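Trainee: I would like to learn how to read a fold. Can we take one feature at a time?

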Amino acid sequence: MLELEFIVEKDRLKFFCSFFGREYTDDLIEESSIFLSKVKRNWQENQSIFENRSKVFFEGLNFGPSVKVSILPEYFKLGCSNTDDRLILFGQPIRSKNFSSAIITHELCHILLKSNGYQNPPIIDEVLAMLSELPFYRNGIDDLDKIWPDAELDEFHLAAKKIIINNHLSLDKNFRDHIRSLEKTLSKDLLAFRPKVGLLRNLTT
Ligand SMILES: [Zn+2]
């Protein structure tokens, strides 16, 4: 059983306010707490999706200790993880009914692959993480394609999305089988593809 701890952190809110050049006010705590309730409730309602429909995909991964989900206002547009700290930052506008749970699962996938010692080419990790979002969308790949329009993705995430669409990847297969077949089928260039390092250096998207 995977434990998630949803929190609002004043210091982190202050950090991102100065990072984005916004003024910090205590209202942000209240605002983030309201958003936290919404995100947490969605996770509780959909935990069965994670536990049942993603079962085959995640089989064999050790979930380990709890993962912190630090909630920020939606308009901060952050969805990323610090895999070493088992920390997820979530502050994204909700794009579909179960969007927050999909993104949390995406970030969990990055954290679990890292904590279980997998050192895949980054594009493979990204494909697996994006793939793990699918059961939270009513129309699977079609929704993934619409929720993440090409124009909104950087080249790295766009490449990951295209790999999923073009190969009709699904969660019916275990992540290790996906790794094995992606290592065989992806071009050398894709396997060497590295995401652009942004200002949030220690955070992977
Ligand atoms: Zn990712």
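Mentor: Start with one helix. This is a predicted model, and in its helix α2 the buried residues are L28, S32, F35, V39, N46 and F50.

Trainee: How should I read the spacing of residues along a helix?

Mentor: An α-helix has 3.6 residues a turn, so residues three or four places apart point the same way. Now look at the case here. L28, S32, F35 and V39 are among the buried residues of α2.

Trainee: What do the buried residues of α2 pack against?

Mentor: They pack against three strands, β1 (4–7), β2 (67–71) and β4 (87–91), and against the helices α1 (10–20) and α4 (99–115).

Trainee: How many residues does α2 have, and how far does it reach?

Mentor: Helix α2 covers residues 27–53, which is 27 residues. From first C-alpha to last it reaches 38 Å, close to the 39 Å expected at 1.5 Å a residue.

Trainee: Where is the kink in α2 centred?

Mentor: On N46, with an angle of about 50 degrees. N46 is also one of the buried residues of the helix.

Trainee: Now the sheet. What is the general idea?

Mentor: Strands of a sheet pair through backbone hydrogen bonds, either parallel or antiparallel. Here 4 strands form an open sheet, ordered β1-β2-β4-β3, with mixed pairing. The edge strands, β1 and β3 (78–82), each pair on one side only. From one strand to the next, the twist averages 20 degrees.

Trainee: Which strands run parallel, and which antiparallel?

Mentor: β1 and β2 run parallel, joined by 4 bridges. One bridge pairs E5 with K68 in β2. β3 and β4 run antiparallel, joined by 5 bridges. There, L78 stands opposite G91 in β4.

Trainee: What lies between β3 and β4?

Mentor: The hairpin has 4 residues between the strands. In this hairpin, R86 takes a positive phi near 50 degrees.

Trainee: Let us step back. In what order do helices and strands follow along the chain?

Mentor: The chain has 9 helices and 4 strands. Along the sequence the pattern is β-α-α-α-β-β-β-α-α-α-α-α-α.

Trainee: Why does the radius of gyration agree with a compact globule?

Mentor: For 205 residues, a compact globule would have a radius of gyration near 17 Å, and the chain has 17 Å, so the two agree. The C-alpha atoms fill a box of roughly 50 × 35 × 30 Å along the principal axes. Buried residues make up 33% of the chain. Of the contacts with a separation of 6 or more, 65% join residues 24 or more positions apart.

Key
Residues are numbered from 1 along each chain as its sequence is written. This is a predicted model: local features need pLDDT of at least 70, side-chain atom pairs count only at pLDDT 80 or more; totals for chains, interfaces and linings use all residues. Helices (H or I, at least four residues) and strands (E, at least two) are DSSP runs, numbered from the N terminus. The expected span of a helix is 1.5 Å times one less than its number of residues. The bend at a residue is the angle between axes fitted to the seven residues ending there and the seven starting there. A residue is buried if 20 or more other C-beta atoms lie within 10 Å of its own, exposed if 12 or fewer, and partly exposed in between; C-beta atoms are placed from the backbone. Two residues are in contact if their C-beta atoms, placed from the backbone, lie within 7 Å. Two strands pair if DSSP finds at least two bridges between them. Axes are lines fitted to C-alpha atoms, for helices over the stretch in contact, and angles run from 0 to 180 degrees between N-to-C directions. The radius of gyration is taken over C-alpha atoms; the globule rule is 2.2 Å times the number of residues to the power 0.38.
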